[in-house]
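Me: I am new to this structure. Please show it to me, and then let me ask how the terms used for it are justified.

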Amino acid sequence: MPILYYEQQKIFKLDTPHTTYAIQVTKYDFISHLYYGKTIQDLDLSYLNEPFCWDLGNAPVENREMPVSLDRLPLEYPCSGISDFREPALQILDDNGQCVCDIRYTGHRIYPGKPGITGMPATFAGTADATTLEIDGIDPVLNLKVTLIYTVFEKLDAITRSVRMTNQSEKNIRLQRALSLCLDLPHEKMDMIHLSGTWSRERAVQRHPLHSGKQAVDSLRGASSHQQNPFIALAAPHADEDQGEVYGCSFVYSGSFYAEAEVDQFRKTRLVMGIHPHDFSWLLAPAQTFETPEAVLVYSDAGLGKMSRTFHDLYRGHLIRSPYKDIKRPVLVNNWEATYFQFDTEKILSIARDAAELGMDMFVLDDGWFGHRDSDNSSLGDWFVYEQKLPGGLKHLVDTINQMGLKFGLWFEPEMISPDSDLYRAHPDWCIHVQNRTRSLSRTQLVLDMSRPDVRAYLFERISAILSSANIEYVKWDMNRTICEPGSAYLPAERQGELKHRYILGVYALMEQVLQAFPKLLLENCAGGGGRFDPGMLYYSPQIWTSDNTDAIDRLRIQHGTSYVYPVSAISAHVSACPNHQTARTVSLKTRAQVALCGTFGYELDLNQLSQEEKEEIKEQIREYHQYNDLIRSSDYYRLGDPFHEEHWDAWQFVSKDQSETLFQYIQVRAETNAPVRRIRLKGLNPALRYTDSATGKTYYGSTLMHAGIVIPGLWGDYAPYRLHLQSVPPTDPASCQTK
Ligand code: DGJ
């Protein structure tokens with residue numbers, strides 16, 4: 001049984017294949033944290049709960065037989081206003097305007113399977129795959145019931161957490177913060193790792209030792225953001241890709257978030273994660289329930305690589321729902337960098353003709369097909385075909401493209417409204433705004449109030465009318481600005497603080513409605529590139545546009561950072577034109593394809609401009625995509641290089657789950673004269689298996705490849721690529737290796 005309750009000691013023990021998480025209900029019914037880490041066998045872990053002591057300067061909470069300072073007690077869900085002065089997970093205001101909340105254990109349930117979260121994305125599992133513990137607590141003065149929900153997965157070292165709270169009183173309770181997770185760890189000797197950036201430089205890996213006090217990453221933008229990803233890891237100082245303890249924490253949410261590590265006066269570390277409290281206030285009326293989003297904990301005793309592979313397996317197997325999740329995605333050509341807004345039917349068809357000839361599977365029409373959109377100054381919200389630009393409408397275009405043997409995909413940006421649009425002229429109050437204040441524009445657009453049912457109904461009607469008007473099999477759902485001046489003409493004054501959370505609930509509701517109506521649709525999320533690359537979005541779309549930066553060399557860093565949490569099967573990557581439109585860098589077509597192959601694969605350039613030689617090369621690239629994508633999409637991913645600290649090279653490797661096949665990819669980022677011969681040790685192979693190099697026919701034992709390594713041949717010039725594909729052959733005598 002992965003979750004057990006030891007009644008006498010009042011201890012819950014949650015076991016995953018290689019980890020243990022332990023909780024104890026203390027003498028005064030506090031729900032206290034005991035342990036999280038590598039599997040331990042003992043049942044009675046109560047000795048881990050430090051004796052409460054009489055600390056001068058720390059307020060006691062109980063003056064019974066023994067004073068108790070909550071400031072010392074590791075807690076599963078600390079509340080505001082009591083004698084724990086560290087970061088709280090729950091903060092309330094009662095109808096007297098007071099903040100005290102004191103939750104004590106009342107009961108629990110353990111059951112097979114995993115519950116969903118109402119209206120929100122969450123990992124899922126069948127009754128054979130997971131076990132759930134729900135611990136109930138109550139503040140008897142407020143009559144607020146809080147249920148802490150933990151799910152452990154049968155085959156993965158992951159534990160999910162969320163919280164449900166119900167107002168059982170007859171008075172309003174205002175939730176000022178309702179985080180999803182608190183994890184109290186027994187020391188502070190750890191590095192904090194997170195993924196920071198900005199537009200076109202998303203998810204750069206940051207690492208620094210914890211220091212006394214609070215260190216946080218967050219987003220207040222109404223989206224998970226380009227600037228910080230909803231992920232934080234605490235790693236042993238010596239932890240690297242292959243060794244050392246790592247606690248990874250990822251948040252299944254796409255709005256404003258907060259993640260913080262606090263080193264307290266006793267040099268212990270508290271990690272919290274949840275909806276950003278500055279962007280949140282929720283009026284919980286009598287009998288109402290609030291559910292937090294889900295946070296995911298992953299523990300690895302073997303470094304960051306193992307942490308990432310656990311996240312990848314969890315998100316591929318238990319979060320992404322799309323019918324496309326386990327199959328090859330169509331090789332697409334997108335017209336954005338080919339034409340921007342300047343296209344007509346003839347231009348689109350001429351690109352599509354080339355795409356069909358080259359063996360691509362789908363044409364995607366990006367921004368500019370609706371309203372009177374010739375630039376980014378107008379028409380968002382007017383989801384009607386721009387007939388002057390596309391005579392005959394989408395039906396004619398899509399039919400013609402289908403006749404070429406290509407599928408068709410279409411861009412939308414549903415959550416936005418242009419001031420120059422019929423929609424805005426008809427409904428100026430549908431955008432997020434505060435009366436008598438500036439409506440700040442970004443990319444000449446405003447944000448629709450997705451908390452409004454009428455806005456969502458309009459958008460669903462428009463999106464479904466367009467998707468029903470022609471054979472549209474893919475949608476790129478874009479979102480190009482964040483939220484400021486948060487105000488809703490729909491919500492009453494006492495619920496204005498709910499807007500940003502209700503906004504994201506509205507986005508989820510609309511995506512769900514569209515997917516229910518068009519279940520075969522391949523949805524790709526996008527937010528000005530990777531501004532909403534988060535687990536919440538993966539619940540709706542199996543792939544996300546990673547960054548507007550399509551430069552293959554910059555993508556090494558972006559895709560490396562993204563792979564910390566997200567599977568390669570979700571990382572959308574395209575081959576674009578050179579000189580690159582974002583960096584003006586020129587990189588060979590071969591290298592561009594090698595980098596794009598490490599994600600979902602497509603092209604984003606004017607195919608009409610290609611030489612015959614380039615066209616032949618692209619045909620070969622598409623053949624390679626078909627050869628390798630099953631492996632790339634479903635394998636274990638190993639980062640071998642570190643583009644943030646190594647300027648000369650980067651490399652990575654895919655290993656099939658049965659260890660019978662591996663693909664190694666290498667880029668010589670910066671050439672050196674008189675360079676050292678580089679040897680790289682492969683990872684994840686079976687040491688006892690022999691592997692054959694598909695290019696040369698030479699064979700090597702897995703042990704040789706992993707311990708002695710492979711030798712990178714001499715490569716010429718910056719950005720030169722190299723690749724090695726190895727497949728296992730039946731075991732034989734070591735002496736016969738490398739003889740072919
Ligand atoms: C931002 C996206 O990231 C781009 O790929 C493109 O779709 C533009 N928006 C279109 O406006």
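What follows is a short exchange about the ligand and the aromatic rings.

Reply: Keep in mind that this is a predicted model.

Me: Which residues come nearest to the ligand?

Reply: The ligand has 13 residues around it. Nearest come Asp366, Asp367, Lys476, Asp478 and Asp548.

Me: What makes the pair between the ligand and the side chain of Asp548 a polar contact?

Reply: An oxygen atom of the ligand is 2.4 Å from an N or O atom in that side chain of Asp548. The cut-off is 3.5 Å, so the pair counts. Asp366 also offers a side-chain N or O atom, 2.7 Å from a ligand oxygen. With Gly529 the partner is a polar backbone atom, and the distance is 2.9 Å.

Me: How much of the ligand does the protein bury?

Reply: The protein buries 98% of the 290 Å² that the ligand exposes when taken alone.

Me: Which pocket does the ligand take up?

Reply: The ligand's space is the largest pocket.

Me: How is the shell around the ligand made up by class?

Reply: Six of its residues are charged, four are nonpolar and three are polar.

Me: Why is Arg321 said to lie over the face of Tyr539?

Reply: Arg321 is 3.7 Å from the ring centre of Tyr539. The distance limit is 6 Å, so Arg321 meets that part of the test. Arg555 has its charged end over the ring of Trp545, 4.9 Å from the centre.

Me: Which residues form one aromatic cluster?

Reply: Tyr21, Tyr36, Tyr150, Tyr247 and Tyr299 do. The structure holds 33 aromatic pairs.

How values were computed: Residues numbered from 1 in each chain as written. Predicted model: local features only at pLDDT ≥ 70, side-chain atom pairs only at ≥ 80, totals over all residues. Heavy atoms only, no water. Near = heavy atom within 4 Å. Polar contact = N/O pair within 3.5 Å; in protein donor to acceptor, adjacent residues only side chain to side chain. Areas by Shrake-Rupley, 256 points an atom, 1.4 Å probe, with all protein chains shown as cover. 1 Å grid on protein atoms, 1.4 Å probe; cavity = no way out; pocket = protein on both sides within 12 Å on 5 of 7 lines; lining within 4 Å. Sits in = over half its atoms within 2 Å of the grid points. Nonpolar A, V, L, I, M, F, W, Y, C, P; charged D, E, K, R; others polar. Phe/Tyr/Trp six-rings, centres within 6.5 Å; stacked < 30°, edge-to-face > 60°. Lys NZ or Arg CZ within 6 Å of the ring centre and 35° of its normal.
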